[in-house]
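Student: I have a new structure open and would like to learn how to read it. Could we walk through it together?

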Amino acid sequence: MEMSNEALLARIKALEIENSHLRQKVAQESDVPTPIHPDESGLSLQEYLRYGRQMIVPQFGSLPSQLKLKNSSILVVGAGGLGCPALLYLSAAGIGHIGIIDHDTVEISNLHRQVLHTSDNVGMFKCESAKKYISKLNPHVKVTTYPTRLTTSNAFDIISQYDLVLDCTDAPAIRYLINDVSVLCGKTIVSGSGLKTDGQLSILNFDNIGPCYRCFYPQPPSADSVTSCSDGGVIGPAIGLVGITMALETIKLLTGFYTRDNFKPFLSIYSGYPQQQIRVFKMRNRQPTCAVCGSAPQITREAIESDEIDYVAFCGKASPPTLDANLRINVNQYSNDDTNSILIDVRPNEQFQITSLPNSINIPWDPTMKKLEDVDDYLPAGFDKKNHPVYVVCRYGNDSQLATKKLAETMGFGNVKDIIGGLNKWSDEIDPTFPKY
Ligand code: ZN
């Protein structure tokens, strides 16, 4: 008897559905863990397959190490340029429980380096976006998300729940907070940082005997010297490599590769240019004078939770320059300016090459030396410094204020003005086609 085409297609469809149900059933059955010890969960057949290639590496430590990973919990603070690659590899490697804390949402400007987030997740909390990706990558990992800032009031509750902490943040105040709370909770910290083409990696408070962040840096860097990725820029693979080295150190710590006998305090410094290299520096041991891990610590849980320790004040706030109102104009006034004024763009040359206003001259502000180079070289011969209108612009309007002050006060410019809010403001208010970057 012949079947009609429609009946045949319906039959095929039914068989496909039956087939997929059977596959699901087989998968579920082979995914039931076989307990090794009664108090720990063992591996399922699927997990043997998934982790086989790392379990057979001699340095890794075979099945016992895989079980240690499975029974471990880690807290990743920051799901950005360092956190994303670290999370990718650590969830793939089979850490049992991963906590992710990040109060930020995904932005388009993150995506070139924060490779766990995707274009359709722009606007979503980074920790939720990361959880979504991890659940597809490895369904055996439990992920807990905290879409909030780590603060003096929640840090103890959160950090104490995990075996180990990864510091994937980028601001000194939060680094000191993570350090102090982790030391007081007895947790080892894997600490990374990265900017532009370089990065650093270290293990802090190893097994409660190693040096902590305060042993290395009792005093924070001056707030004005701290640059963020949005100001300083960052190459994705360079910071990504640091995140990946953090993942490997985490695996080594959780599987017991490091012991009190073989662990030596270190700081690894990665440089991406000109020739890639990682240099490893031996660091001093724990300092008895350290304010948190030393012999007479002043920093205690009570002092932190009562906000007696003010982390933001300790690290200082970068003070925005303030210029007299008569030395400033807004973007509207500048757009209506019909004098034959000169516009000096004080951004670094690489930013000037991305985009610039017509007829502007690029004379970069040197933030270290706090000066402008050779202005006279760029001006026409016989230029009337005292009277000719000169405007100064930069990306956000900070450096342009410093440069304007310098030009007016020490370089003899009598008619110089800063453009408030810089090119960012110009794009917002005057010309929406002017690219932001
Ligand atoms: Zn210390």
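Tutor: Happily! Let's begin with one residue: Asn 205 is buried, with a relative accessible area of 0%. Keep in mind that this is a predicted model.

Student: Where does Asn 205 sit, and what is its phi?

Tutor: Asn 205 belongs to the loop between S6 and H8. Its phi is positive, about 50°, although Asn 205 is not a glycine.

Student: Is Lys 196, with its positive phi, buried or partly exposed?

Tutor: Lys 196 counts as partly exposed, because its relative accessibility is 46%. Its phi is about 55°, and it is not a glycine either. You will find Lys 196 in the loop between strand S5 (188-195) and S6.

Student: Now the metal. Which residues coordinate the zinc ion?

Tutor: To read a metal site, look for the donor atoms first. Here the SG atoms of Cys 212, Cys 215, Cys 290 and Cys 293 coordinate the zinc ion at 2.2 to 2.3 Å. Along the chain, these donors follow the spacing C-x2-C-x74-C-x2-C.

Student: What does the zinc site tie together?

Tutor: Cys 212 is in the loop between strand S6 (198-204) and helix H8 (213-216), while Cys 290 is in the loop between strand S8 (277-282) and helix H11 (301-305), so the pair ties together parts that are 78 residues apart in sequence. Cys 212 is buried at 0% relative accessible area, and Cys 290 is buried at 4%.

Student: What arrangement do the four donor atoms make around the zinc ion?

Tutor: Start with the general idea: ideal angles at a metal are 109.5 degrees for four tetrahedral donors. In this model the donor atoms around the zinc ion subtend angles of 92 to 120°, which makes the arrangement tetrahedral.

Student: How do I check the length of helix H7?

Tutor: Compare an expected span with the one in the model. At 1.5 Å a residue, the 14 residues of H7 (residues 172-185) should span 20 Å, and the end C-alpha atoms are 20 Å apart, which agrees.

Student: How many residues of H7 are buried?

Tutor: Eleven of the 14 are buried, so H7 is mostly covered. Among the buried ones are Pro 172, Tyr 176, Leu 177 and Val 183. After H7 comes Gly 186, with a positive phi near 75°.

Student: Which residues have the most contacts inside the largest nonpolar core?

Tutor: That core has 45 residues, and those with the most contacts inside it are Ile 74, Leu 87, Leu 90, Ile 98, Ile 100 and Leu 166. Helix H10 (residues 236-254) supplies the largest share of this core, eight residues. There is also a second, separate core of 33 residues, which includes Ala 155, Ile 159, Ile 304 and Ile 309.

Student: What does Ile 98 touch?

Tutor: Leaving out residues up to four places away in sequence, its contacts include Ile 74, Leu 87, Leu 90, Val 141 and Tyr 162.

Student: And what does Ala 247 touch?

Tutor: Ala 247 is in helix H10 and is buried at 3% relative accessibility. With residues up to four places away in sequence left out, it touches Ala 86, Tyr 89 and Leu 90. The C-alpha atoms of Ala 247 and Leu 87 are 7.5 Å apart, although 160 residues separate the two along the chain.

Student: Which peptide bond is cis?

Tutor: Look at omega for that. The bond from Tyr 273 to Pro 274 is cis, with omega near -10°, and Pro 274 lies in the loop between strand S7 (266-271) and S8.

Conventions:
Residues numbered from 1 in each chain as written. Predicted model: local features only at pLDDT ≥ 70, side-chain atom pairs only at ≥ 80, totals over all residues. Heavy atoms only, no water. Donors = N, O, S within 2.8 Å, 3.2 Å for Na, K, Ca; no water. Tetrahedral: all angles 85-135°; square planar, octahedral: opposite > 155°, others 65-115°. Helix = DSSP H or I, 4+ residues; strand = E, 2+ residues; numbered from the N terminus. Buried < 20%, exposed > 50% of the residue type's maximum accessible area, 1.4 Å probe, protein only. Core = buried A, V, L, I, M, F, W, Y, C linked by side-chain atoms within 4.5 Å. Contact = heavy atoms within 4.5 Å. Expected span 1.5 Å × (residues − 1).
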